[in-house]
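Visitor: I'd like a close look at one spot where two helices pack together. Could you take me through it slowly, and then show me what surrounds it?

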Amino acid sequence: MTALHDCRDAFAKTLGELAEANPDVVAVCNDSVGSSKLGDFAKAWPERLVNVGIAEQNMIGVAAGLANGGKLPFVCAAAPFLTGRALEQIKADIAYSEANVKLCGISSGMAYGELGPTHHSVEDFAWTRVLPNLIVVAPADRIETAQAVRAAAETEAPVFLRLSRMGVPDIMPKDYRFQFGKAAMMRQGRDVTIIANGVLVARALAAADILAAQGIKARVINMATVKPLDEEAILAAARETRGIVTCEEHSIHGGLGGAIAEVVVSRHPTRMKILGVPGIFAPTGSAAFLLDRFGMSPEGIAAAAEGLAR
Amino acid sequence: MSLVNKYANAQPVTHRLAQIANRIRLRDLEMVFTAKAGHIGGDMSAIDVLTTLYFHVLRYDPAKPLAPERDRFVLSKGHCAGALYVTLAEAGFFAAAELKTFLQPLSRLNGHPNRTKVPGVETNTGPLGHGLPVAVGMAKAAQLSKASWRTYVMTGDGELQEGSNWEAAMAAAQFKLDNLILIIDRNRLQQGARTEATNALEPLADKWRAFGWSVTEINGHDFGELIAALSPDVAPVGQPRCIIAHTNKGEGISFMRDRVEWHHKVPSAKEYEQARRELEGQVL
C-alpha cells in the first residue's frame, strides 16, 4: 500500500522554514489555525500570526495592507471562504493592486466531502484565473506543494495556492524543480493525453496504467499552474496525440479543462473530454466517493481516454 | 524618521491651508467640467481634510513615493479620485498639467485611483468598504516592525453601510492600532438620498466607541479643528482613532452645497462660471 500524505503538512513545514529565514513572513488567518496547520507557526512566532477572526473580507484587505507595509503575507484559510467570500477584495486589493500576497486556499475542491457544497471549493479556479496578475497553482503532492510554496515566496506577484487535505502519494520525482507556468511531463505517450492537477494527477497516472494494459499509451501531464498556462505543452499534446482528457477537482465550467480548451480551440483544435464536477451541487459523500461518482476514478478516467484514443 | 511635512511650520497655518484648499477646489471644478464626469459633490466635501493631511500632517517625499518610512493615506471613497489627483499634483507627486487628461482615453488618471500607475496612491479603491481593511493591514505592518509611520484612511459615510468596515473596526481595536487614524467624511448624503433615509448610521460616534475606538467629532471644513484632531500628539495609547468630520457635499459652491443631485452631476457652462466666480471670491 502506497503511503498517502496530507499536503497541508508540507505547506506548514515550508512556511515555517520561510518564516525562520525571513522575519517579514507573516501568516494571516480567519480563526483557521488548526485547519491550516498553523499551530507550530503560532508557537514560534505568535506576533506574526495575524488572526482576524471569522472575517474574510477584512482578512484579504489586511493582507494587502501588510504587503504595502513591507511584510510578506501568506493568507491561510479554507478555500471556499477565502475565495468566494472575499472575491472582490481579491480582485481589487490583491490582483488589481498587484499586492505581493500569497493566498493559500486550504482544503480546496471537495476535501470537506460530507459537509456539503457550502464547504466545497469547486468554483475557485474559475473565480481566480479570470483575474489579471494573479498566478493560480494546484500542486499534486507534498513534494510539489513544498516547492510551490517556496516559489510563491520568491516571486513578487500575487499567487493563489490551491491546497488539498486529501491524502495523496508521492508522485513527483525527487529531482523535480517546480516552476510557475511550466507543466510536468509525468508519462510519455502518443495515443492520448491526460492533463490533470492537484489530487487528480495520481489518479491520472493510475488511469494510464489501466490504459497501458489495454495497449494504449497515454501521455500524462501535471498542469499544476492553471494561470499562466503552459501553452506549449498543451499544443504539443494536441498535435501529437489523438485527444486530450482533463481531470480536476473543480466544476467542468471555467476550470483547468476550460482553460485548456481556450488554448486548443484557438490554436490547434482537437477532441477533448473535460472531467470534473458536472455543473451540479454535489450530493453527500467523501471527496474520494464524489470523485469516483463524477467519473474520476482511475477506471473512469481511463474509459474517457480510451474513447478519444480509439 | 527622515521624512517630514515640509509645510507644517509655515505660518499662519490655517490661512495657508485655506488658500491651498481653494486652489484645489478650483482645479477640481475645472477638471470635472472639462472631463464632463466626476464626483464633484464628494470631492468638495473631502478637500479640506485632504489639504490638511497633505499640507500639514503626512510625512512624505513626492520624489520617493514608495519610501518605506512614509505615512500612508488611503482614500477609501475611491470615486473621489479627482480630489485626490488634484491634491497629489499640488503636493508634487506629478505635474498639474496632467490633470487635463483626467478620464481621457488611456490616461492614468482613471475614475478610481490605481497605485501601480499614479505615484502617491497606496491601494486601488473604488468598490466601497475596501480602504479600512487595507489600512488596518498597513497599521499592523508598522506595529509589527515597530516603525513610527502612521496610517490615515478616509471613508465616506454612506460607505459605512458595507459590513467589511465593521470587520476591520473590530480587528483594529483587537490589535490596539494606535497608529491608525480613520477620518469619516460625514456629509450625510449618499448617491441616492440622505444616509439616514437610506440605512441610518446614527448614533455613529457611539457605534465607533462601542467598537473600541477613540472618537472625535469636528467641523471638517474648519482647519483649526482639523489640525487639532489630526495631530499625533492627541493619540490615545492602544486605541485606533476615529475622526468624524462633519462636512457638506459640494462645500464652497452655493448651489451644490448639501444637495444630493451633485453626487456626480456635471455643471453646465453657466453653472461652471458661477461656481468659479464663487470660489475665486473666497480667495483670502
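Visitor: Within what distance do the axes of helix 1 and helix 9 of chain B come, and at roughly what angle do they cross?

Guide: Good place to start! First, a word on what we're looking at. This is a predicted model, where local features need pLDDT of at least 70, side-chain atom pairs count only at pLDDT 80 or more, and totals for chains, interfaces and linings use all residues. Residues are numbered from 1 along each chain as its sequence is written, while chains are lettered from A and ligands numbered from 1 in the order in which they are written.

Now to your pair. The axes of helix 1 (residues 13–35) and helix 9 (residues 269–281) of chain B come within 10 Å and cross at roughly 170 degrees. That makes helix 1 of chain B roughly antiparallel to helix 9 of chain B (the label goes to angles over 145 degrees). Axes here are lines fitted to C-alpha atoms over the stretch in contact, with angles from 0 to 180 degrees between N-to-C directions. Helices are DSSP runs of H or I with at least four residues, strands are E runs of at least two, and both are numbered from the N terminus.

Who actually meets whom? On the helix 1 side of chain B you'll find B:Asn22, B:Arg25, B:Leu26, B:Leu29 and B:Phe33, and they meet B:Tyr272, B:Ala275, B:Arg276 and B:Leu279 of helix 9 of chain B. To be in contact, two residues need C-beta atoms, placed from the backbone, within 7 Å. The mix at this contact is six nonpolar, one polar and two charged residues. (Nonpolar covers Ala, Val, Leu, Ile, Met, Phe, Trp, Tyr, Cys and Pro; charged covers Asp, Glu, Lys and Arg; the others, Gly among them, are polar.)

Let's set that beside another pair. The axes of helix 2 (residues 40–57) and helix 3 (residues 81–90) of chain B come within 9 Å and cross at roughly 30 degrees. Helix 2 of chain B brings B:Asp43, B:Ala46, B:Ile47, B:Leu50, B:Thr51 and B:Tyr54, and helix 3 of chain B answers with B:Gly82, B:Ala83, B:Leu84 and B:Thr87. By class, this contact has six nonpolar, three polar and one charged.

Stepping back, chain B has a partner: 25 of its residues are in contact with 25 residues of chain A. On the chain B side, helix 4 (131–145) and helix 5 (164–174) are the elements that give two or more residues, and helix 4 of chain B supplies the largest share, 11 residues. That side counts 12 nonpolar, eight polar and five charged residues.

Over in chain A, there are 12 helices and 12 strands. Chain A is divided into domain 1 (7–162) and domain 2 (184–309), with bounds from an automatic or database domain assignment. Their C-alpha centres lie 26 Å apart, and the contact takes 23 residues from domain 1 and 25 from domain 2 of chain A.

One last detail, back in chain B: a cis peptide bond joins B:Glu202 and B:Pro203, with omega about 0 degrees. You'll find B:Pro203 in the loop between helix 6 (195–198) and helix 7 (204–210) of chain B. Chain A has a cis bond too, from A:Lys227 to A:Pro228, with omega near -5 degrees.

Definitions and conventions: Angles under 35 degrees count as roughly parallel, over 145 as roughly antiparallel, 65 to 115 as roughly perpendicular and the rest as oblique.
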